[in-house]
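Here are a few exercises to work through with the model open. Try each task before you read its solution.

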Amino acid sequence: MIKNYINGELVEPVSEKYFDNFEPAIGQAYDIVPDSDERDVELAVKASEAAFPLWSNTPVVERSKYMKKVVALIERDLAEFARAECIDNGKPLTLAKTVDIPRAVKNFEFFASAIHGFASESHQMEDTAINYTLRSPIGVVGAISPWNLPLYLFTWKIAPALITGNCVVAKPSEITPMTAHLLAEACIEAGLPAGVLNIVHGYGGKVGSAIVKHPDIKAITFTGGTKTGKEIASVAAPMFKKLSLELGGKNPNIIFADCNYEKMLGTTLLSSFRNQGEICLCGSRIFIEKPIYEKFRKDFVEQTKLLKVGDPLQADTDQGAVVSKEHMEKVLSYIQLAKDEGGTILTGGNKVVPEGRCKNGWFIEPTIIEGLPYNCRTNQEEIFGPVVTLIPFETEDEALRMANSTEYGLASIIWTENLSRAHRMAAKIQSGIVWINCWMVRDLRTPFGGMKSSGVGREGGMEALRFFTEAKNVCVRL
Ligand code: NAD
């Protein structure tokens with residue numbers, strides 16, 4: 001049973017209430033989640049505050065050792081973690097095994113070693129003075145994460161926060177809490193000192209907002225929807241908290257006729273439908289240069305029809321269940337909107353009812369839509385499911401104008417063998433991440449995040465280590 005992890009122990013929520021946790025592939029509850037509230041957050045903050053003096057003074061090498069112990073346990077139990085992620089989220093087990101859990105391991109490993117290269121700056125003013133910058137941990141920080149890449153994104157926040165000497169009050173999504181619970185068990189087994197990491201389960205409106213409001217939590221790192229991000233900013237900004245917001249996207253995938261066609265086609269299949277299209281970095285608006293539009297449409301539809309949708313536990317499944325009934329209904333309502341706006345469904349468009357164990361699960365066919373203007377709602381709003389639109393273009397400028405037309409600016413994908421064009425497009429496109437002739441290739445040292453309504457701040461590498469530390473300049477007169 002899932003419990004809160006507070007002050008080094010697994011504990012019941014103060015309310016003693018729980019709510020159901022669903023397995024999307026079968027559409028049924030299989031466990032319960034603590035329905036915590038501000039009282040549990042208060043206990044977690046107290047535990048963090050008590051742990052902070054010792055943890056922040058623990059040498060970096062020792063902090064790294066704790067993280068490596070946690071990593072060793074996740075690796076030992078990788079199969080169990082992957083299965084838990086698959087059951088909780090609906091994603092294919094093979095994906096959880098090869099991407100989600102290994103990446104959670106990498107997050108810890110990366111920050112446990114990156115910290116050793118985190119040097120402070122020094123500025124000399126000729127013979128007048130020398131400045132150096134001290135970077136100290138902030139104190140207690142809050143981390144709130146979404147359901148699409150549960151452990152992957154949870155650890156992406158926790159690892160840099162802990163290694164820089166902060167204590168953490170973290171909340172996973174209430175829709176996918178299981179691997180955060182397994183992480184808590186691993187932390188206990190690894191002997192992580194009590195109170196250093198606290199995990200409080202429950203709803204965003206109760207636990208999440210209590211974390212955001214708490215006056216003793218000095219920084220918030222949040223990944224989730226833009227609407228939630230706005231709410232969080234409206235509370236946290238007047239309290240002058242440090243804020244890192246990783247929000248929604250509506251990413252363009254721009255395909256020029258001179259691309260490496262085979263590579264583009266294979267990768268576009270992934271960037272459209274991987275993880276049921278529930279990756280903030282998926283390219284949901286596909287812009288295709290006119291000379292190859294017809295060929296691309298035919299090949300892409302053909303390949304998409306071959307994707308196997310069904311039981312995520314089966315090794316040959318390409319696309320599992322979407323995360324919840326509400327989310328399935330939201331995605332289906334967008335498909336209806338696309339039809340209402342005059343779009344043509346080239347393939348997909350319906351709920352899938354697999355035979356056997358998953359007959360009551362929440363599945364949607366991979367869906368391709370064409371014939372919609374770039375500025376209609378379907379092409380402007382985030383759907384976050386296995387749904388893409390095809391839009392032809394004639395010139396580079398037109399592609400750019402349409403790509404940049406949404407309120408979002410998270411990621412973009414550009415396919416061309418023309419080097420000059422690739423650089424030109426990369427410079428002009430409005431997104432925090434640009435992939436040229438690839439997708440989801442991630443070097444954890446690089447800044448990660450979005451512009452416009454896709455977020456504020458960057459995570460990853462030194463950016464994360466800076467975010468989780470307070471800079472203090474010391475000026476010494478020579
Ligand atoms: P969400 O905003 O509904 O929830 C995210 C988290 O915030 C959950 O833990 C939730 O409980 C909590 N929350 C909800 N209301 C809150 C409140 N008022 N105060 C504090 N916390 C609150 O998002 P979601 O549906 O879980 O995730 C999908 C969204 O996340 C999509 O928009 C997707 O694009 C985005 N996302 C962005 C990135 C990125 O790196 N930019 C990565 C993954 C997902």
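**Exercise 1. Find which residues line the second largest cavity, and place that cavity relative to the domains.**

Step 1. List the lining: R103, L149, Y152, L153, W156, C280, L281, R442 and F448. A cavity here is a set of points, on a 1 Å grid over the protein atoms alone, where a 1.4 Å probe fits but cannot get out, and lining residues have an atom within 4 Å of a point.

Step 2. Before going on, check what you're looking at. This is a predicted model, where local features need pLDDT of at least 70 and side-chain atom pairs count only at pLDDT 80 or more, while totals for chains, interfaces and linings use all residues. Residues are numbered from 1 along each chain as its sequence is written, and side-chain values use heavy atoms, with hydrogens and water left out.

Step 3. Sort the lining by class: 7 nonpolar, no polar and 2 charged. (Ala, Val, Leu, Ile, Met, Phe, Trp, Tyr, Cys and Pro count as nonpolar, Asp, Glu, Lys and Arg as charged, and the others, Gly among them, as polar.)

Step 4. Look for the main contributor. That's helix α5 (residues 150-163), which gives the most, with 3 residues; helices are DSSP runs of H or I with at least four residues, and strands are runs of E with at least two, numbered from the N terminus.

Step 5. Now the domains, whose bounds come from an automatic or database domain assignment. Domain 1 (4-247 + 454-477) and domain 2 (251-451) both contribute lining residues, so the cavity sits between them.

**Exercise 2. Work out which residues come nearest the ligand, and how much of the ligand the protein covers.**

Step 1. Start with the shell, meaning residues with a heavy atom within 4 Å of the ligand. There are 29 of them, and S145, E174, T228, L247 and E382 come nearest.

Step 2. Pick out polar contacts (pairs of N or O atoms within 3.5 Å). A polar backbone atom of S145 is 2.8 Å from a ligand oxygen. For E174, a polar side-chain atom lies 2.6 Å from an oxygen atom of the ligand, and T228 also has a polar side-chain atom 2.6 Å from a ligand oxygen.

Step 3. Get the coverage: on its own the ligand has 850 Å² of accessible area, and the protein covers 88% of that. (Areas come from the Shrake-Rupley method with a 1.4 Å probe.)

Step 4. Finish with the make-up of the shell: 12 nonpolar, 12 polar and 5 charged residues. Domain 1 and domain 2 each supply at least three residues.

Conventions
On a 1 Å grid over the protein atoms alone, a cavity is a set of points where a 1.4 Å probe fits but cannot get out, and a pocket is an open set with protein on both sides within 12 Å along at least five of seven lines; lining residues have an atom within 4 Å of a point. A polar contact is a pair of N or O atoms within 3.5 Å; within protein, one must be able to donate a hydrogen and the other to accept it, and residues adjacent in sequence count only if both atoms are side-chain atoms.
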